[in-house]
Amino acid sequence: LLERGRAEVRRYGGHVVAGEVICAWRDGEDFALGLADGRAVRARRILVAAGLVDELPDIPGLEQRWGRDVVHCPYCHGWEVRDRAIGVLATGPMAVHQALLFRQLSASVALLCHDRPAPTGEQAEELAALGIRVIEGEVAEVEVAEDRIAGVRMADGRLVARDVVAVAPHMRARAGFLAGLGLHPVEHPMGMGDYIPAEADGRTAVEGVWVAGNTTDLAAQVGAAAA
């Protein structure tokens, strides 16, 4: 997929340079991008479309199963995990909502509070009404047997049997190299991660620097990010 995209760029007269950008700065009227190998590239304009990084909680076994039986979205992965025992690992304020969505796909859903407080009030009542178990306590490890999740081991030694773990990652725009231009990722209003704010057309607060795709829209899936 990457090679096909790069071939299209070349057909339009663009140049594809292999290298990791680690910094950016003003160079007179232009910009300069510093590469990890010591080279620098000059540009009149910068368009950042470097995507994002999914940062998962530091729980042994979680990252190794990411994209297999550790999933993040009921709309993206729900059909594949329907009717299985799902554990929703709380990572932010939307965890209860995530558990309610997965409950539409399975009768066996548990909310794993991990390092967050257990829901109270109306949220607790809603979870109870739908039969969603609330498991308090820290998750210490994701246990795997025969190349599939067997459950999550709690810090107190309990094993909560689960087939699937759903977790909302912290999504971080891959744009730290813009700091030299005064552009820094900021926390998204919905708490889903860090992004570079921009106008609807991608224009940033720095004239001549533009952002596109997941660099500025953390929730954009492949089609929207590419568009």
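**Exercise 1. Find which residues D30 is in contact with, leaving aside its neighbours within four places in sequence.**

*Solution.* Leaving aside those neighbours within four places in sequence, D30 is in contact with W25, R42, A43 and R44. Keep in mind as you work that this is a predicted model.

Next, place the residue: D30 is found in strand β2.

Then look at the side chains. That of D30 makes a polar contact with the side chain of R42, at 2.7 Å.

**Exercise 2. Describe the protein as a whole: how many helices and strands does the protein have?**

*Solution.* Start by counting elements: there are five helices and 17 strands.

Now turn to dimensions. The C-alpha trace spans about 60 × 40 × 30 Å along its principal axes.

For burial, 37% of the 227 residues count as buried.

Finish with the contacts. Among those with a separation of 6 or more, 48% come from residues 24 or more positions apart.

**Exercise 3. Work out the order of the strands in the open sheet that four strands form, and say which strands stand at its edges.**

*Solution.* Begin with the order, which is β5-β14-β16-β15, with mixed pairing. β5 and β15 (186-187) each have a single partner strand, so they stand at the edges and one side of each is left without a neighbour in the sheet.

Now zoom in on one pair. β15 and β16 (residues 193-195) pair in the antiparallel sense, over two bridges. Within this part of the model, E187 stands opposite D194 in β16.

**Exercise 4. Compare two residues with positive phi: is H114 buried or exposed, and how does D147 count?**

*Solution.* First, a reminder: most residues other than glycine have a negative phi.

Take H114. Its phi is positive, about 55°, although H114 is not a glycine. H114 is found in the loop between β8 (109-112) and α4 (121-129). The relative accessible area of H114 is 14%. Buried means under 20%, so H114 is buried.

Take D147 in the same steps. Phi of D147 is near 60°, again a positive value in a residue other than glycine. D147 is found in the loop between β10 (139-144) and β11 (149-154). Its relative accessibility is 48%. Partly exposed lies between 20% and 50%, so D147 counts as partly exposed.

**Exercise 5. Explore the largest pocket: which residues are the closest to its centre?**

*Solution.* Start with the space: about 2000 Å³ lies in the largest pocket. Of the 44 residues that line this pocket, R6, L47, V48, A49 and A50 are the closest to its centre.

Next, ask which elements give two or more residues to this lining. They are α1 (2-11), β1 (21-27), β2 (30-35), β3 (40-43), β4 (46-48) and α5 (222-226).

Last, sort the lining by class: 28 residues are nonpolar, eight are polar and eight are charged.

**Exercise 6. Do the same for the second largest pocket: which element gives the most to its lining?**

*Solution.* The space in the second largest pocket is about 1000 Å³. It is lined by 37 residues, and the closest to its centre are H72, A168, P169, M171 and M192.

Two or more lining residues come from each of β5 (52-55), α2 (74-77), α3 (95-103), β14 (170-173) and α5. α3 gives the most, with four residues.

By class, this lining has 24 nonpolar, ten polar and three charged residues.

Definitions and conventions. Residues are numbered from 1 along each chain as its sequence is written. This is a predicted model: local features need pLDDT of at least 70, side-chain atom pairs count only at pLDDT 80 or more; totals for chains, interfaces and linings use all residues. Side-chain values use heavy atoms; hydrogens and water are left out. On a 1 Å grid over the protein atoms alone, a cavity is a set of points where a 1.4 Å probe fits but cannot get out, and a pocket is an open set with protein on both sides within 12 Å along at least five of seven lines; lining residues have an atom within 4 Å of a point. Grid points are joined across faces, edges and corners, and a volume is the space filled by probe spheres set on the points. Ala, Val, Leu, Ile, Met, Phe, Trp, Tyr, Cys and Pro count as nonpolar, Asp, Glu, Lys and Arg as charged, and the others, Gly among them, as polar. A polar contact is a pair of N or O atoms within 3.5 Å; within protein, one must be able to donate a hydrogen and the other to accept it, and residues adjacent in sequence count only if both atoms are side-chain atoms. Contact means heavy atoms within 4.5 Å. Two strands pair if DSSP finds at least two bridges between them. Buried means under 20% relative accessible area, exposed over 50%, partly exposed in between (1.4 Å probe, protein chains only).
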